[in-house]
Amino acid sequence: MLNNINNDTICALATQAGGAIGIVRISGDEAINIADKIFNKNIIDAKPNTMHYGQIIEMTHNGEETIDDVVVSVYRAPHSYTGENAIEISCHGSSYIINKIVELLINNGCRMAQAGEYTQRAFMNGKMDLSQAEAVADLIASTNRATHKMAMSQLRGNFSSELKSLREQLLHLTSLMELELDFSDHEDIEFADRTELLNITRTIEQHISHLSNTFKTGQALKQGIPVAIVGQTNVGKSTLLNRLLHDNRAIVSDIHGTTRDTIEDTINIKGVCFRFIDTAGLRYTEDTIEQLGIERTYKKIEEASIVIWLTDQKPTIREIKEMEELTYGKNVIIVQNKADLTPNAAETAWTCPMLFISAKENIGIDKLEQVIYKTANIPEISENDVIITNARHYEALKKAHTNITRVLNAIHSNMPSDLIAEDLRLILSDLAEITGGEITTTETLSNIFSHFCVGK
């Protein structure tokens, strides 16, 4: 757990050890003075936002010993990532060099930074709000175009701007209520009729509802859109998974019932992450272990956004009916495999749309990927779009939506203004939880920043 922000000067490696280049970060009031003690050039009077080439040195009983040739970047408060005096030492990526530089810094007054402490200091010093700080972790963890754009949008403050707009609308509504309370004895004075209040409240409710509704899309893009590959045994589900992943992830065998558990992995299609799930073949069996695998198949179908129903021959009417019941409400892609063995398969005519592929021979796989992407129906995402990906933000928005709904009902029912004003204050508090405007304990902050990597 993170300690309270204090006046310590902290240091940490900001890059992975073992690379060509390593960067050691220092932040705090004494950052420049401490770095100056181990650098062979004077940086005490260095101008802000400047870079200086020189050597890191260690004083030994034999005199000065050069540790490495480095570039030292100097930042002065408040114009740094943390809002404090800061130094970045760019050195070679040797573990020995990096550890030696950190050791020298600690010996001269630094302490090791805790996980997320740099970003926590940036938040505490007003360089970013809490939602932007959390976006830093999302940006580091982004693995595809969609998650990168969502993180960049939040980091640039687009979500914060949406919340600011909501706050202004709520404050306007609250002020009308407060004025009504202050002049409640003057029946001839009317600051806003109930129709106007209802219209303002409906606008706020729609805004909060829209933000909340993006969470499902955000979670799908962040965790990967789940796609279950289902069908009877030995129709080529594992072969298809391996072909989609471009890897021999699943065991392939002519023996029925080889896959007895679900196998999952992800790929990117047009910058969107899809999580493919190979499932146990659907059939009657007395094998206890295989039965457990089939039960998990049913569960994965429930969780999936898209179901690929794989077959190696024309499905019967009974099979179609059973699969429709099993996948009710899901986006289903029907795929007939082993087209290389049935060259006339593409001429088969029946009521349901079907793709014809050969997973073994890599026939029709590109077309299948296009259909999967289209079926997901993911909106084109820009860096200006606001999509909720954080469960903490979603919970706060849901609470705010519950409270604004209560306000709507109260205004419609002509409830007293003091009761409505109290609910409005609750909504403002709910939204403030997202940006950190009303967080007074360190517990929530510690929980958030402890998941960051050291050095960030």
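These are my notebook entries on the strands of this structure, which is a predicted model.

Entry 1, the open sheet. I looked up how the strands are ordered, and I found six strands forming an open sheet in the order 8-9-7-10-11-12, with mixed pairing. I then turned to the edges, where strand 8 (263-269) and strand 12 (355-356) each have a single partner strand, so one side of each is left without a neighbour in the sheet.

Entry 2, a helix on the sheet. I noted that helix 12, residues 365-376, packs on this sheet and touches strand 7, strand 8, strand 9 (272-278), strand 10, strand 11 (331-336) and strand 12. The direction of helix 12 makes about 170° with that of strand 11.

Entry 3, one pair within the sheet. I reminded myself that strands of a sheet pair through backbone hydrogen bonds, either parallel or antiparallel. Strand 7 (residues 225-230) and strand 10 (residues 306-311) run parallel and are joined by four bridges. When I looked up isoleucine 229, I found isoleucine 308 of strand 10 standing opposite.

Entry 4, strand 2 and its partners. Is strand 2 mostly covered or mostly uncovered? I found that strand 2, residues 21-27, is mostly covered, since five of its seven residues are buried. Strand 1 (residues 10-13) runs antiparallel to strand 2 and is joined to strand 2 by four bridges, and here leucine 13 stands opposite valine 24 of strand 2. Strand 5 (residues 86-92) also runs antiparallel to strand 2, with seven bridges between the two, and I noted that glycine 22 has cysteine 91 in strand 5 as its bridge partner.

Methods: Residues are numbered from 1 along each chain as its sequence is written. This is a predicted model: local features need pLDDT of at least 70, side-chain atom pairs count only at pLDDT 80 or more; totals for chains, interfaces and linings use all residues. Side-chain values use heavy atoms; hydrogens and water are left out. Two strands pair if DSSP finds at least two bridges between them. Contact means heavy atoms within 4.5 Å. Axes are lines fitted to C-alpha atoms, for helices over the stretch in contact, and angles run from 0 to 180 degrees between N-to-C directions. Buried means under 20% relative accessible area, exposed over 50%, partly exposed in between (1.4 Å probe, protein chains only).
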